[in-house]
Amino acid sequence: QVQLVESGGGLVQPGGSLRLSCTASGSIISIYAMGWYRQAPGKQRELVATINRGGWTNYVDSVKGRFTISRDNAKNIMYLQMNSLKPEDTAVYYCNKPMDYFSWGQGTQVTVSS
């Protein structure tokens with residue numbers, strides 16, 4: 001069974017930056033298209049960024065120009081660099097495939113507040 005582990009979250013002031021990491025058992029990160037999701041309190045889980053096997057990326061409009069998804073196939077790690085963070089980015093962030101999900105990890109909390 002694939003295990004996804006997210007890390008790198010924390011408390012940051014508006015305008016700050018964080019880099020999230022996603023690790024997985026096996027060579028999952030290099031084999032599949034992957035994405036970053038977030039879920040804010042009382043809201044549905046939202047797919048915010050995806051990267052396919054060829055490295056093509058896509059973002060939801062609310063994070064375009066601020067977030068960058070990338071991966072290191074040799075290390076089997078996927079990243080989400082988040083810059084110019086806003087309070088509305090506060091959520092638990094998860095990694096998974098864009099469809100046909102693996103089991104969800106615990107996620108990592110990102111809180112943007114002054």
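Strands β1 and β3 (residues 18–24) run antiparallel and are joined by four bridges. Keep in mind as you browse that this is a predicted model. Below is a friendly tour of three topics: the strands around β3, the nonpolar core, and a buried arginine, R71.

**Strands around β3**

- Strand β1 covers residues 4–7 and has two faces: L4 and E6 lie on the covered one, while V5 and S7 lie on the uncovered one.
- If you want a spot to start in the pairing of these strands, look at L4, whose bridge partner in β3 is A24.
- β3 also pairs with β8, again in an antiparallel way, and here six bridges join the two strands.
- Within that pairing, L20 stands opposite L80 of β8.
- How much of β3 is covered? Most of this strand is, with five of its seven residues buried.

**The nonpolar core**

- The largest nonpolar core holds 29 residues, and the ones with the most contacts inside it are L4, W36, I69, M78, L80, M82 and Y93.
- Two or more residues of this core come from each of β3, α1 (28–31), β4 (34–39), β5 (46–51), β7, β8 (77–82), β9 (91–96) and β10 (108–112).
- Which element gives the largest share? That is β3, with four residues.
- Leaving aside residues up to four places away in sequence, Y93 touches E6, L20, W36, Y37, R38, F67, L80, M82, G107, T108 and V110.
- Some of these names have come up already: E6 is on the covered face of β1, and L20 and L80 are the opposite pair of β3 and β8.

**R71, a buried arginine**

- R71 sits in strand β7, which spans residues 67–72.
- Which side chain of opposite charge is nearest to buried R71? It is D72, but at 8.9 Å away, and R71 has no salt bridge.
- The R71 side chain does have backbone oxygens to look at: one belongs to N52, which the side chain reaches at 2.7 Å.
- Another is the backbone oxygen of I29, which lies 3.3 Å from a polar atom of the R71 side chain.
- Not counting residues up to four places away in sequence, R71 touches I29, Y32, I51, N52, R53, G54, G55, I77 and M78.
- One of those contacts leads back to the core: M78 is among the residues with the most contacts inside it.

Note on methods: Residues are numbered from 1 along each chain as its sequence is written. This is a predicted model: local features need pLDDT of at least 70, side-chain atom pairs count only at pLDDT 80 or more; totals for chains, interfaces and linings use all residues. Side-chain values use heavy atoms; hydrogens and water are left out. Buried means under 20% relative accessible area, exposed over 50%, partly exposed in between (1.4 Å probe, protein chains only). Two strands pair if DSSP finds at least two bridges between them. Lys and Arg count as positive and Asp and Glu as negative; His and the chain ends are not counted. A salt bridge is a side-chain nitrogen of Lys or Arg within 4 Å of a carboxyl oxygen of Asp or Glu. A polar contact is a pair of N or O atoms within 3.5 Å; within protein, one must be able to donate a hydrogen and the other to accept it, and residues adjacent in sequence count only if both atoms are side-chain atoms. Contact means heavy atoms within 4.5 Å. A nonpolar core is a set of buried Ala, Val, Leu, Ile, Met, Phe, Trp, Tyr and Cys residues joined through side-chain atoms within 4.5 Å.
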